[in-house]
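Visitor: I should like to learn how the features of a structural model are read. Would you take me through this one, beginning with the chain as a whole?

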Amino acid sequence: MTTFLIALLAFGQTPTPTETPSPTPMVIDTSTPAVTPTATATATATITPNDVGTVSVPSNLGASPSVSPSPSSTPIAIRAAGLGESDLGVSEEGAPVFRIDQAVITALARNPTVLDALQEIRRTKGVIIEIRAQALPQIGPSFTWGWTDPNLQQNGFGFTTFSGGSGGGGTPTPTPGPGIGGVKNLRSDIAYNVKVTGTQLIFNYSTFSSIRGTFFQRDSAYFALRNTVDQTIATVKTQFYQVIVNRELIVVQEDSVSLLESQLKDQQNRFEAGTVPRFNVLQAQVQLYNQIPQLIAAKNAYRISVLTLAKTLGLDYTQGPRVRLPLRVSGDLNYVPREIDLAAAIEEGKRARPFLKEQRANVLNAIAQVHVAIGSWLPNVNATGGGEWLSSEFNSSFGDVSKGWLTTVTGSWPIWDSGMAWGKIKQQRALLSEAEITYDDDVRQVELEIQTAASNLAQNRETVVATEKNLETAAEALRLAKARLDAGAGTQLDVLNAQVQQTTAQSTYLQALFGYIASLAEFDRATGAASTYSESFDGIAPRATKTKTYYTGSDVDARGRPKRPTGFEPVTTTTTSTGK
């Protein structure tokens with residue numbers, strides 16, 4: 001009994017004269033209205049493959065594995081799905097609903113980066129056609145027609161002597177003939193010439209090497225497309241689940257604000273009853289008003305994440321009388337642990353990454369360019385042949401034309417060019433060395449990306465396990481703090497601290513789930529396992545890309561040749577010590 005009285009005096013003392021009860025402060029109601037589940041928009045994104053092709057997505061991309069419990073069965077996820085315009089600060093009415101697989105397919109069909117990569121492939125095909133045409137026959141007609149004024153065709157120096165002068169031995173008198181001062185020129189004033197000729201390259205080593213290089217440029221563009229597709233899939237998955245976690249964080253912040261509001265109301269009632277000082281009311285107010293900006297920030301983060309995802313998917317802004325979000329997402333933050341064999345993952349990443357295959361194509365193209373430069377030393381032979389129709393000199397009628405065949409073979413060989421060809425060769429060999437160095441560095445970059453993704457995956461997996469256990473602990477601590485306060489054995493500060501810890505635990509857990517999913521998407525991208533391909537881009541996948549030419553395992557170099565010992569291989573030594 002004595003202990004109880006002491007506790008009552010300590011925690012329930014009446015207000016002092018300096019703590020005269022003042023009018024009850026008004027509380028700004030920021031609580032979430034009771035959410036009544038309503039039917040969400042039934043519009044579903046449907047993407048029909050167009051003439052640019054399709055890319056199939058793994059069937060398990062949008063699945064909801066049942067291996068491990070996920071927040072889909074928790075009140076947070078359920079309430080997040082039912083948030084309305086008053087909770088989000090913007091309308092979602094009429095917005096199409098996307099699942100993860102629909103979002104990926106939409107991005108592959110409409111993302112500008114993917115579309116640019118497709119156009120780059122078409123451009124390289126045009127380069128192949130252009131360069132190849134230099135080695136193929138080229139046939140075409142040519143025509144010339146000319147007219148010359150008859151006055152320019154007169155003989156101005158000749159005079160006629162047939163004037164019928166006086167008989168006998170008289171001296172003839174020169175008299176101008178027809179025309180101006182001389183004999184009339186009988187040549188036609190119209191001349192024309194028609195040719196149909198064909199040219200054929202007989203030998204040009206540079207042209208043949210250039211044709212070979214264009215095929216490697218095409219392969220490089222194709223692998224760049226595949227690399228872009230992998231990056232787009234990883235980006236869409238990350239942004240998709242960022243939207244989900246931001247939406248659930250709104251619920252966490254709303255719960256925290258609601259609890260603090262109820263705590264403020266409780267302290268006001270106690271203050272009016274004279275059992276707590278006014279300091280408790282002010283402390284509850286400060287805690288509430290510090291929490292409200294976090295709720296506002298959570299809503300804004302959700303809106304921004306939705307707009308960012310819409311831009312990645314290539315969705316346009318929709319004009320309307322009301323501002324609304326362009327899409328909604330439907331999915332869960334599933335935690336499915338995955339065992340990682342790092343050594344096997346690194347080797348698989350080297351063999352499967354389109355990024356490395358693109359660099360291999362660049363190396364092979366650099367080799368072809370070296371041979372193009374070597375062609376400057378070799379001869380160049382061309383042949384020309386065809387028929388010609390030449391008008392008559394005295395008659396412009398087409399029936400009097402002269403016709404026949406002509407053939408010309410030309411050749412050139414730069415015996416001495418003062419080192420110009422050698423300069424070209426040195427430049428291309430240097431560019432080849434740069435390409436090989438870049439390839440070797442890209443191999444190390446792939447190794448780094450895989451190791452980093454695996455490390456982040458392990459960190460987020462451990463964080464998920466740790467925070468999942470902490471959720472129950474934080475909830476139980478808050479319950480005990482409130483019970484102690486109600487019994488008079490605790491303080492308001494204990495309750496507020498427990499509430500902050502619970503909010504932090506919930507937020508950390510959701511962020512850990514998102515971090516694990518994002519790390520998993522990055523790991524799949526780094527290992528080249530982000531998607532499977534079923535190409536139907538009008539034959540966009542070159543046949544050469546599926547050959548051993550683009551094998552990029554650890555046992556080959558930048559050119560695809562078996563690696564040779566470099567003298568820097570690590571040596572493993574084993575030291576055995578025996579105890580005495």
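Guide: The separation in sequence of residues in contact is a useful starting point. In this predicted model, residues 24 or more positions apart account for 88% of the contacts in the chain with a separation of 6 or more. The chain contains 11 helices and 6 strands, and buried residues make up 38% of its 580 residues.

Visitor: Where in the chain is Ser209, and which residues does it touch?

Guide: Ser209 belongs to helix α6, which covers residues 205–273. Neighbours up to four places away in sequence are not counted, and on that basis Ser209 touches Ala368, His371 and Val372. The C-alpha atoms of Ser209 and Ala368 are 5.7 Å apart in space, although their positions lie 159 residues apart in sequence. Ser209 is buried, its relative accessible area being 8%.

Visitor: What is the corresponding picture for Phe514?

Guide: Phe514 is situated in helix α11 and is also buried, at 11% relative accessible area. Leaving aside neighbours within four places in sequence, its contacts are Thr238, Tyr241, Gln242 and Val245. A further pair of positions may be noted here: Phe514 and Val243 are 271 residues apart along the chain, with 9.9 Å between their C-alpha atoms.

Visitor: How should one describe the packing of two helices?

Guide: Two packed helices are described by the angle between their axes and the distance between the axes. Here, the axes of α9 (residues 354–374) and α10 come within 8 Å and cross at roughly 170 degrees. An angle over 145 degrees counts as roughly antiparallel, and α9 is therefore roughly antiparallel to α10. By class, the residues of this contact are 15 nonpolar, 4 polar and 5 charged.

Visitor: How many residues of α9 are buried, and what is the span of this helix?

Guide: Of the 21 residues of α9, 16 are buried, so the helix is largely enclosed by the rest of the structure. From its first C-alpha to its last, α9 reaches 31 Å, close to the 30 Å expected at 1.5 Å a residue.

Visitor: Let us turn to charged side chains. How many salt bridges does the structure hold?

Guide: The total is 13. One of them joins the side chains of Arg338 and Asp524, with an N to O distance of 2.8 Å. Arg338 is in the loop between β4 (328–329) and α8 (342–352), while Asp524 is in helix α11 (residues 492–526), so this pair ties together parts that are 186 residues apart in sequence. Arg338 is partly exposed at 31% relative accessibility, whereas Asp524 is buried at 11%.

Visitor: Which parts of the chain does the pair Lys350 and Glu447 link?

Guide: The side chains of Lys350 and Glu447 form a salt bridge of 2.6 Å, N to O. Lys350 is in helix α8 and Glu447 in helix α10 (residues 420–487), a link between distant parts of the chain, 97 residues apart. With a relative accessibility of 9%, Lys350 counts as buried.

Visitor: How does one read a salt bridge within a single helix?

Guide: An α-helix has 3.6 residues a turn, so residues three or four places apart point the same way. Arg479 and Glu476 are 3 residues apart in helix α10, which separates them by about one helical turn. Their salt bridge has its closest N and O atoms 2.5 Å apart. Arg479 is partly exposed at 47% relative accessibility, and Glu476 is likewise partly exposed at 35%.

Visitor: Which residues are linked in a network of salt bridges?

Guide: The network links Arg353, Glu449, Glu522 and Arg525.

Visitor: Finally, I should like to consider the loops. Is Ser392 buried or exposed, and where does it lie?

Guide: Ser392 is located in the loop between β5 (380–390) and β6 (402–412). At 19% relative accessibility it counts as buried, because the cut-off for that class is under 20%. Apart from neighbours within four places in sequence, Ser392 is in contact with Asp400 and Val401.

Visitor: What is the phi of Ser418, and where is the residue placed?

Guide: Its phi is near 60 degrees, a positive value in a residue other than glycine. Ser418 is in the loop between β6 and α10, and its relative accessibility of 63% makes it exposed.

Conventions: Residues numbered from 1 in each chain as written. Predicted model: local features only at pLDDT ≥ 70, side-chain atom pairs only at ≥ 80, totals over all residues. Heavy atoms only, no water. Salt bridge = Lys/Arg side-chain N within 4 Å of Asp/Glu carboxyl O. Helix = DSSP H or I, 4+ residues; strand = E, 2+ residues; numbered from the N terminus. Buried < 20%, exposed > 50% of the residue type's maximum accessible area, 1.4 Å probe, protein only. Contact = heavy atoms within 4.5 Å. Axes fitted to C-alpha atoms, helices over the stretch in contact; angles between N-to-C directions. Parallel < 35°, antiparallel > 145°, perpendicular 65-115°, else oblique. Nonpolar A, V, L, I, M, F, W, Y, C, P; charged D, E, K, R; others polar. Expected span 1.5 Å × (residues − 1).
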